[in-house]
Amino acid sequence: MTGHESPLGHESPLSKAFKAVFLTLWLIITIFPLYWITITSFKRPGEVLSFPLDYWPRHFSLESYTELFEKSRFGIYFGNSLLVATVAGAVATAVATLSAYVLARFRFRGRGALLMAALVTQMIPAFIALGPLYVLMTDLGLVDNRFGLMLVYIAVCVPFCTVMLRGFFENVPDSLEEAAMIDGCSRTGALFRVLLPVMRPGITAAFIFNFVTCWNELFLSVTLMNSDDNKTVPTALSGFISSFDIDWSLMSAAAVLTILPTMALFAFAGRHIVQGLTAGAVKE
């Protein structure tokens, strides 16, 4: 090792300073849009477009939030999104868990093709299938139906989560399942009593991924939901944009409320997300 090289595991002060500056700038760039939306939601409607720009509200006001529920049916939209995202996310996670278990523990003809098909579906933009999907849902009588939207979201979420959870299953030693079966458990009993508790971080990460995907999805919701009683939050946000104007105050208030459920999920389950997403990275 020459005199110019740093010992393994140690960084020079210049490198540390550069990294700190870079991460600080990146944090500011990342946080600023969220900060701006939040303070805009607390401004009075007449102050939103004032010039010069106010980076802090002159007078904190809840007028935007009050008008949001008085002038629109945002409460209904929020409830629809919460119901659809929760049910679809939970069902998709359950289906993906069982599918991933089969793909990880059994060897059968066509296994590789199934995995490839699950990956290929993630490469196809959703809007390409909107036309055929709308015709199919119309024939089934599921247009403008929350149950129909749940079915579509489940179909969208299952492939990727199956691949993700398969990696987690393969990281769990076979000996755990074999020991449970030697002690008298059936294969199903070993799955539910031994493997699933061990896989809780991965399952939590999969559910949160599914929930956020369903919560933020716009194209399918706009296409399949027509009445105000069935619309979801992304559809409501797009409704604040007209041909000649954008209601920034109401949109900002709605955006802040829309972010809260996902922030709460990530806050309470952040540790499980990291463990779940990295579980299949290293094989024992």
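## A salt bridge to start with

Let's begin with one pair of side chains: D228 forms a salt bridge with K231, and their closest N and O atoms are 3.5 Å apart. D228 is partly exposed, with a relative accessible area of 32%. K231 is partly exposed too, at 21%. Keep in mind as you look around that this is a predicted model.

Why can such pairs form? Side chains of opposite charge can pair when their charged atoms come close.

## The overall picture

Now step back to the whole chain. The protein has 12 helices and zero strands, so reading from the N terminus you meet α-α-α-α-α-α-α-α-α-α-α-α. Of its 284 residues, 37% count as buried.

How much of the contact pattern comes from residues 24 or more positions apart? Among contacts with a separation of 6 or more, such residues account for 73%. On the outside, the protein exposes about 16,900 Å², and carbon and sulfur atoms supply 69% of that area.

## More salt bridges

The structure holds seven salt bridges. One of them joins the side chains of R73 and D229, at 2.8 Å from N to O. This pair links distant parts of the chain, 156 residues apart. R73 sits in the loop between α2 (63-71) and α3 (74-105), while D229 sits in the loop between α10 (219-224) and α11 (233-238). R73 has a relative accessible area of 36%, so it is partly exposed. D229 also counts as partly exposed, at 43%.

Another salt bridge brings together the side chains of E177 and R187, at 3.1 Å from N to O. E177 belongs to helix α7 (residues 174-182) and R187 to helix α8, so the pair ties together parts that are 10 residues apart in sequence. Is E177 buried or exposed? With a relative accessible area of 4%, E177 is buried, because buried means under 20%. Its partner R187 counts as partly exposed at 34%. Both residues also belong to a network of salt bridges that links R105, D174, E177 and R187.

## Two helices that cross

Next, find helix α8 (residues 187-198) and helix α9 (residues 200-216). They pack at an angle of about 70°, with their axes 4 Å apart. That makes α8 roughly perpendicular to α9, because angles of 65 to 115 degrees fall in that class.

Which residues meet here? From α8 come L196, P197 and V198, and from α9 come R200, P201 and I203.

## A nonpolar patch on the surface

Look at the surface for a group of nonpolar residues: M116, L119, V120, M123, I124, F127, I128 and F219 make a patch of about 830 Å². Helix α4 (residues 111-121) gives the largest share of this patch, three residues.

F127, one of the patch members, lies in the loop between α4 and α5 (130-139). At 51% relative accessibility, F127 counts as exposed, because the cut-off for exposed is over 50%.

## An unusual backbone angle to look for

Finally, visit D144, which lies in the loop between α5 and α6 (146-171). D144 has a positive phi of about 60°, although it is not a glycine. Its relative accessible area is 23%, so D144 is partly exposed.

Technical notes:
Residues numbered from 1 in each chain as written. Predicted model: local features only at pLDDT ≥ 70, side-chain atom pairs only at ≥ 80, totals over all residues. Heavy atoms only, no water. Patch = residues over 30% accessible without salt bridge, like charges linked within 9 Å, V, L, I, M, F, W, Y side chains within 5 Å. Areas by Shrake-Rupley, 256 points an atom, 1.4 Å probe, with all protein chains shown as cover. Salt bridge = Lys/Arg side-chain N within 4 Å of Asp/Glu carboxyl O. Helix = DSSP H or I, 4+ residues; strand = E, 2+ residues; numbered from the N terminus. Buried < 20%, exposed > 50% of the residue type's maximum accessible area, 1.4 Å probe, protein only. Axes fitted to C-alpha atoms, helices over the stretch in contact; angles between N-to-C directions. Parallel < 35°, antiparallel > 145°, perpendicular 65-115°, else oblique. Contact = heavy atoms within 4.5 Å.
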